[in-house]
Amino acid sequence: MLNKQLFPLLLVCIVVATATTTAASTTVEDATVTCNTVYSSLEPCLPYVLSGGSSVPLECCNGLKSLLNTARIKADRQSVCKCIKSVASSANGVQIGRAAQLPGICKVNVPYQISPNVDCSKIT
């Protein structure tokens, strides 16, 4: 139950990270990255996002980087975004703030701020 409540925060973080890659343009229907893929990759980040622990686990950063590498095409990045939009409403501001810190901590370059209101159609 608790993992389902945290899922939106992790998704918010990952949509920003995945949007930084460049790839050929394609349609969302061609996407291969699912919400299950996003959750599996980011599950190790839950303790930090929930409690703001003293450090982010290495497994969290590895999952974030792996997901970034997996979502190489526009359709995958937009798919990740749609997953976030469908569940982000249950995230609170503190959790979003912690999730927003993950790309910097994990040394993943993100060109815009993490937000549950991201426009998925603008992700390229």
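A residue is called buried when its relative accessible area is under 20%, and exposed when that area is over 50%, with partly exposed residues in between. The views below are all taken from a predicted model.

**View 1. The disulfide between C45 and C60 joins a loop to a helix.** The sulfur atoms of C45 and C60 are 1.9 Å apart, and the two residues form a disulfide. C45 belongs to the loop between α2 (35-42) and α3 (46-51), whereas C60 sits in helix α4 (residues 58-70), and the pair links distant parts of the chain that are 15 residues apart. The link of C45 and C60 is right-handed, with 100 degrees about the S-S bond. Because buried means under 20% relative accessible area, C45 counts as buried at 1%, and C60 likewise counts as buried, with a relative accessible area of 0%.

**View 2. The disulfide between C61 and C106 ties helix α4 to the segment after α6.** Here the S to S distance is 2.0 Å, and the bond brings the protein's count to two disulfides. The link of C61 and C106 is left-handed, with -75 degrees about the S-S bond. C61 lies in helix α4 and C106 in the segment after α6 (93-105), so this disulfide ties together parts of the chain that are 45 residues apart in sequence. Both C61 and C106 are buried.

**View 3. Helices α2 and α4 pack against each other.** The axes of α2 and α4 come within 7 Å and cross at roughly 150 degrees. Because angles over 145 degrees count as roughly antiparallel, α2 is described as roughly antiparallel to α4. On the α2 side the contact is made by T37, V38, S41 and L42, which meet G63, L64 and L67 in α4. The residues of this contact comprise four nonpolar and three polar ones, with no charged residue among them.

**View 4. The whole protein is built from helices without strands.** The protein contains six helices and zero strands, and reading along the sequence gives the pattern α-α-α-α-α-α. Of the 124 residues in the protein, 45% are buried. The accessible surface comes to about 6200 Å², and carbon and sulfur atoms account for 52% of that surface. When contacts between residues at least 6 apart in sequence are considered, 89% of them join residues that are at least 24 apart.

**View 5. P116 and V118 are placed in the segment after α6.** P116 is partly exposed, with a relative accessible area of 24%, and the C-alpha atom of P116 is separated by 8.4 Å from that of A91, although the two residues are 25 residues apart along the chain. V118, by contrast, is buried, with a relative accessible area of 14%. The distance from V118 to C81, taken from C-alpha to C-alpha, is 7.7 Å, while these two residues are 37 residues apart in sequence.

**View 6. K107 has a positive phi although it is not a glycine.** The phi angle of K107 is about 60 degrees, and K107 lies in the segment after α6. With a relative accessibility of 74%, K107 counts as exposed, because the term applies to residues over 50%. In the segment after α6, K107 can be viewed together with C106, the partner of C61 in the disulfide shown in View 2.

**View 7. G52 lies in the loop between α3 and α4 and touches residues elsewhere in the chain.** G52 is partly exposed, with a relative accessible area of 32%. When residues up to four places away in sequence are not counted, G52 touches P47 and R98. The C-alpha atoms of G52 and Q95 are separated by 8.5 Å, and these residues are 43 residues apart along the chain.

Notes:
Residues numbered from 1 in each chain as written. Predicted model: local features only at pLDDT ≥ 70, side-chain atom pairs only at ≥ 80, totals over all residues. Heavy atoms only, no water. Disulfide = S-S within 2.5 Å. Helix = DSSP H or I, 4+ residues; strand = E, 2+ residues; numbered from the N terminus. Buried < 20%, exposed > 50% of the residue type's maximum accessible area, 1.4 Å probe, protein only. Axes fitted to C-alpha atoms, helices over the stretch in contact; angles between N-to-C directions. Parallel < 35°, antiparallel > 145°, perpendicular 65-115°, else oblique. Contact = heavy atoms within 4.5 Å. Nonpolar A, V, L, I, M, F, W, Y, C, P; charged D, E, K, R; others polar. Areas by Shrake-Rupley, 256 points an atom, 1.4 Å probe, with all protein chains shown as cover.
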